[in-house]
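Subject: Structure for you to look at

Hello,

I am passing a structure on to you, with its sequence. Please open it first and then read my notes underneath.

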Amino acid sequence: MASAFLILTVFILEAVSALVDGVGYGAIATMLWNTYCSVTGNKKASERLELKDSIIQLRRDLRAVSSVDEFARWAKMRRRLDAVSSKFEKTSSDLAIERTAFELYINLVLRAVIYGLRALVSIYNYRRAVFYVPENWFYPVLWFLSLPAAPMGS
């Protein structure tokens, strides 16, 4: 019974590890970042979206005004667009730093959990056989396969 539990534990651990490797640590961290921002209502992310909408609207309005005919109005709109664009870049930069720190932390935690669980399973079941092979199949290498501490033939 203990051997079946050990095989199942190793199988599940390796399946989760392969899934995380296949999807990618970065993709999982990005998904968690998006979830975090939507759940917590990150102020910088919402401010960035508002600034982006404002920039799009200002550019649309700026295109509608002639720089030759209405220079004063055009210059005022251009200064406003430059100010909003500058604030957008600063907010985007701050948000990118926050996102990078979050993703690095998530990557570190995921790797620590997966490799830590692998190590714990290996240490806890150091002398336990996962399965036994018939003696006549691998006789010359049975001793080598059972290293470092497993019973002979396992």
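The notes below go from the whole chain to two helix pairs and then to single residues.

One thing to keep in mind throughout is that this is a predicted model.

The chain as a whole

The protein chain contains 5 helices and 0 strands. Following the sequence from start to end gives the pattern α-α-α-α-α. Of the 154 residues in the protein chain, 26% are buried. The exposed surface of the protein chain comes to about 11200 Å², and 65% of that is supplied by carbon and sulfur atoms. Among contacts in the protein chain with a separation of 6 or more, 63% are between residues 24 or more positions apart.

Helix H2 against helix H4

Helix H2 covers residues 25-40 and helix H4 covers residues 71-124. Their axes come within 9 Å of each other and cross at roughly 125 degrees. An angle over 145 degrees would count as roughly antiparallel and one of 65 to 115 as roughly perpendicular, so H2 is oblique to H4. The crossing of these two helices, H2 and H4, is right-handed.

On the H2 side, the contact is made by Tyr-25, Gly-26, Ile-28, Ala-29, Thr-30, Leu-32, Trp-33 and Tyr-36. On the H4 side, the residues include Leu-95, Glu-98, Arg-99, Phe-102, Glu-103 and Ile-106, and further along Asn-107, Leu-110, Arg-111, Ile-114 and Tyr-115. Sorted by class, the residues in the contact of H2 with H4 are 12 nonpolar, 3 polar and 4 charged.

Helix H3 against helix H4

H4 also packs with helix H3, which spans residues 43-64. The axes of H3 and H4 are 9 Å apart, at an angle of about 155 degrees. The cut-off for roughly antiparallel is over 145 degrees, and H3 and H4 are therefore roughly antiparallel to each other. H3 passes H4 in a left-handed crossing. The contact of H3 with H4 has 11 nonpolar, 4 polar and 11 charged residues.

Three residues of H4

Glu-103 is part of helix H4. Is Glu-103 buried or exposed? Its relative accessibility is 18%, so Glu-103 counts as buried; the limit for buried is under 20%. Setting aside residues up to four places away in sequence, Glu-103 touches Ala-29 and Thr-30. Both Ala-29 and Thr-30 appear among the H2 residues of the contact with H4.

Arg-111 is also in helix H4. Arg-111 has a relative accessibility of 37% and so counts as partly exposed. Apart from neighbours within four places in sequence, Arg-111 is in contact with Tyr-25 and Gly-116. Arg-111 and Tyr-25 are 86 residues apart along the chain, and their C-alpha atoms are separated by 8.5 Å. Tyr-25 is one of the H2 residues in the contact with H4.

Leu-117 is found in helix H4 as well. With a relative accessible area of 41%, Leu-117 is partly exposed. Which residues does Leu-117 touch, not counting residues up to four places away in sequence? They are Leu-13 and Ala-112. The C-alpha atoms of Leu-117 and Val-10 are separated by 9.8 Å, with their positions 107 residues apart along the chain counted as the distance apart.

Regards

Technical notes:
Residues are numbered from 1 along each chain as its sequence is written. This is a predicted model: local features need pLDDT of at least 70, side-chain atom pairs count only at pLDDT 80 or more; totals for chains, interfaces and linings use all residues. Side-chain values use heavy atoms; hydrogens and water are left out. Axes are lines fitted to C-alpha atoms, for helices over the stretch in contact, and angles run from 0 to 180 degrees between N-to-C directions. Helices (H or I, at least four residues) and strands (E, at least two) are DSSP runs, numbered from the N terminus. Angles under 35 degrees count as roughly parallel, over 145 as roughly antiparallel, 65 to 115 as roughly perpendicular and the rest as oblique. A crossing is left-handed if the near helix is turned anticlockwise from the far one by less than a right angle, and right-handed if clockwise. Contact means heavy atoms within 4.5 Å. Ala, Val, Leu, Ile, Met, Phe, Trp, Tyr, Cys and Pro count as nonpolar, Asp, Glu, Lys and Arg as charged, and the others, Gly among them, as polar. Buried means under 20% relative accessible area, exposed over 50%, partly exposed in between (1.4 Å probe, protein chains only). Accessible areas come from the Shrake-Rupley method with a 1.4 Å probe; for residues, only the protein chains shown count as cover.
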